[in-house]
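Hi,

Here is the structure I said I would pass on. Have a look at it first, and then read my notes underneath.

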Amino acid sequence: MIHILFLFVFLSSTSHAAIRDFCVADLNATQTVSGYPCKSPETVTVNDFAFSSLKAGNTTNTFKNSLSPAFVGQIPGLNGLGLSVARVDLDVEGVIPFHTHADASELIVVLEGVITAGFISSDNKVFVKTLTRGDVMVVPQGLLHFQINASKGKSTVYLIFSDPNPVAQLVDVALFGNNLNSNFVAKTTLLDLDQIKKLKTAFGGSG
């Protein structure tokens, strides 16, 4: 009986890809909490497992950064495998502002330059480290974290996620990129109302 129960728990917690060779995403179907349905194995090709555009993007923006994803939308073969990758390029003084990934842990791998990366635990303990080429740092799932270019030139990192399609929520956009009444933002953050309205203009918010 115990053996049967163990087998049931194991199978019920196993992804599509773990009970078959792979489950290449049918991107024309609706995504669910467990991923995309599998496309027909007869239609799977090597291109479902490869991606050739993990290249530098345009860093001409407020934060002087670019992100080039290789998620399930770019590599359908990632479906059900619990991982994905993205390339981030940071121009001089570029930053990845405070954000969270509710569904994924993150591994930072520095390819070029120098960055300062950090995260804040749920008990408000701060973990910050300056990383150079070849250094690696892990950010646990769901925690606020950031990256800052600490180099005099450009820096490049790969971000490896424990989810094939990780979701990110940026604190700045969450606060200032919506139509929440600015008075509410002021009362809950203690920020100056004029500054809040200025930031809402910068991030496309209103209210």
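There is one disulfide in the structure, and keep in mind that this is a predicted model. The bond runs between Cys-23 and Cys-38, with the two sulfurs 2.0 Å apart. Both cysteines sit in the loop between helix 1 (2-12) and strand 1, and they are 15 residues apart. What is the handedness of this disulfide? The torsion about its S-S bond comes out at about -105°, so it is left-handed.

I also checked how accessible the two cysteines are. Cys-23 has a relative accessibility of 1%, so it counts as buried, the cut-off being under 20%. Cys-38 comes out at 27%, so that one counts as partly exposed.

Next, the sheet. Five strands form an open sheet in the order 1-2-9-4-7, and the pairing is antiparallel. Which strands are at the edges? Those are strand 1 (65-70) and strand 7 (136-139), each of which pairs on one side only. From one strand to the next, the twist averages 20°.

If you want one strand pair to click through, try strand 2 (residues 84-90) and strand 9 (residues 155-161): they run antiparallel and are joined by seven bridges. As an example of the residue pairing there, Asp-89 has Thr-156 in strand 9 as its bridge partner.

That's what I have for now. Shout if anything looks odd on your side.

Cheers

Terms used:
Residues numbered from 1 in each chain as written. Predicted model: local features only at pLDDT ≥ 70, side-chain atom pairs only at ≥ 80, totals over all residues. Heavy atoms only, no water. Pairing = 2+ DSSP bridges. Helix = DSSP H or I, 4+ residues; strand = E, 2+ residues; numbered from the N terminus. Axes fitted to C-alpha atoms, helices over the stretch in contact; angles between N-to-C directions. Disulfide = S-S within 2.5 Å. Buried < 20%, exposed > 50% of the residue type's maximum accessible area, 1.4 Å probe, protein only.
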